[in-house]
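Work through the exercises below with the sequence and the model open. Each task is followed by a stepwise solution.

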Amino acid sequence: MEYLVLSGPVCTPAEPPSGAFILAAGLTGNGYDAGLFDLSLEFFHQTLDHPEIKTAAVENSVQYLLNMKTGYDPMRHRTAAGSLHKQLKQYSNINSGWKLTFMDITSPEHVHDPSALADRLSNGANPFSQLWEERLEPVLNEIKPKHVLISLAYLSQLASTIDLVSFLKQRGIEPIIGGSLPRSLATTGHGLDALHKVLGTIDLSNGASLIPNQNELGFWDRISWPTLVSSLPYLSAHPVVPFTLSTGCYWRRCLFCPDREMPFVKVPESSYTQFLSSIPNDIIERRPIVHLLDSAIPPKRLRQFLPAAREYGVKFYGFARPSEELTRDGLLEDAAEAGLLMLQLGVEGGSDNLLDRFDKGLRAKESAETIRQAAAAGIRTYLYLLFGLPGETSEHRQATLDLIESNSSDVDFMNLSLFNLPKYCELAQRAEEFEIMMGDYPGNEDVIHLYRPFTCGGISPREEARNFIDKSFLTTPSIREAHLRTPRWFRAAHLAMMKLNGRRDP
Ligand code: SF4
């Protein structure tokens with residue numbers, strides 16, 4: 001094999017890690033023999049098989065998540081995911097204080113300090129060494145890849161990636177390291193130098209640098225299904241397949257958005273059919289669900305994707321901005337008929353005035369109409385709400401509550417976030433204008449930070465928002481219902497597979 005892409009723990013075991021998958025798919029489409037080895041998936045299977053973790057309840061829960069093809073019942077899903085998560089708590093006893101969830105693994109200290117983590121991993125209990133020896137080494141011996149690539153996409157992969165690089169170097173393998181975490185640190189965060197110190201050279205391209213005469217834009221012209229090295233199943237009743245219709249964001253204006261500086265690139269329509277036609281038959285037979293990775297699916301690209309989705313019989317879900325364009329000309333009805341199972345809607349809030357302040361380009365009225373039309377077409381609605389913005393008042397928060405309450409019968413799931421201020425963004429540069437006072441980072445300079453502490457007019461909007469969410473927002477009965485229906489683990493893939501009245505079957 002020419003290129004083997006490795007992705008370390010922890011990423012969700014419900015679907016392939018998107019960045020690593022797309023990298024391997026881009027290399028494959030450009031004519032290379034390339035594969036993805038999802039070490040996080042191997043890690044979860046290894047952990048759930050551990051004698052101190054495996055129980056009959058764990059086995060039943062895994063079987064439920066693997067096999068419920070007609071759709072998960074929200075209550076049964078909650079019980080299954082809850083019982084798995086309860087058993088994962090045993091992980092701390094097995095690995096001296098390391099905590100494991102389906103979204104993260106954390107060391108007892110130095111969570112975001114690469115050098116301290118490297119010291120701890122080389123001198124103390126190491127939760128990854130067994131994974132490298134039992135699962136990775138045999139694959140390296142068998143495949144003998146010419147190049148090993150490591151994709152570091154999330155902070156939850158930081159510890160394992162540090163250890164993985166050290167394991168490979170000890171065996172004389174010089175991996176090429178990249179991924180969206182170092183790219184984010186380079187553009188809007190802090191700590192790239194700290195990462196360099198521990199990992200060495202880092203490639204900040206999207207993988208195009210590996211292909212002669214290729215550029216960041218042309219990388220998307222040819223995307224094909226890569227070899228998946230692990231034969232273990234993802235914890236999902238239908239295979240979830242990452243793909244994207246665009247990169248960057250077509251809106252690109254929100255003042256605090258890290259994607260604002262990235263170029264917006266449309267993936268050519270020819271790539272849709274090339275990619276979908278390359279999905280192996282055994283995956284197609286299991287009725288795959290395409291996870292559209294777009295920061296915000298452009299309505300025109302959505303329309304263009306529908307014939308390909310119909311032709312290859314794939315269902316799909318993804319993130320979109322609620323907008324008038326999305327509700328025009330029966331687009332949502334057509335998309336639902338072509339297989340759109342769920343829209344993750346970046347509603348953010350109910351106050352036009354606050355949304356305008358940050359150039360969000362969203363209107364509460366358009367959000368309400370998008371939610372209504374999506375639900376009427378049988379599309380699951382998963383709303384993303386953002387609280388704690390600089391200058392947010394109780395009136396702004398109340399407007400959000402009113403918007404959600406008045407549309408609650410059409411709201412299936414919710415994600416509530418508290419605002420974080422990226423270290424470098426337009427809003428941080430114009431802090432004074434927004435009466436933002438930057439705070440200091442706790443700890444030393446060599447720690448990774450994606451966000452900057454701040455106050456606004458002497459108060460922390462995040463604290464005020466937290467109070468509101470607990471005491472007013474989630475105590476509103478119809479809103480609480482959607483909140484309780486939203487599982488804590490295996491978002492968003494499993495949400496697209498939830499069985500709900502009035503929504504289309506997966
Ligand atoms: S719509 Fe979302 S991705 Fe696009 S600029 Fe705004 S915050 Fe960023």
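**Exercise 1: the sheet**

Task: Give the strand order of the open sheet of six strands, then find its edges and a helix that packs on it.

Solution. Step 1: The order reads β8-β11-β12-β13-β14-β15, and the pairing is parallel; strands are DSSP runs of E with at least two residues, helices runs of H or I with at least four, numbered from the N terminus, and two strands pair if DSSP finds at least two bridges between them. This is a predicted model, in which local features need pLDDT of at least 70, side-chain atom pairs count only at pLDDT 80 or more, and totals for chains, interfaces and linings use all residues. Residues are numbered from 1 along each chain as its sequence is written, and side-chain values use heavy atoms, without hydrogens and water.

Step 2: β8 (240-243) and β15 (413-418) are the edge strands, each pairing on one side only.

Step 3: Helix α17 (residues 394-406) packs on the sheet and touches β13 (340-348), β14 (380-387) and β15, where contact means heavy atoms within 4.5 Å. The direction of α17 makes about 170 degrees with that of β14; axes are lines fitted to C-alpha atoms, for helices over the stretch in contact, and angles run from 0 to 180 degrees between N-to-C directions.

**Exercise 2: one strand pair**

Task: How many bridges join β11 and β12, and which residue stands opposite histidine 291?

Solution. Step 1: β11 (residues 289-292) and β12 (residues 315-320) pair in the parallel sense over four bridges.

Step 2: Tyrosine 317 in β12 stands opposite histidine 291.

**Exercise 3: the ligand**

Task: Which residues surround the ligand?

Solution. The ligand is surrounded by Cys249, Trp251, Arg252, Arg253, Cys254, Cys257, Ser295, Arg321 and Lys360, each with a heavy atom within 4 Å of it.
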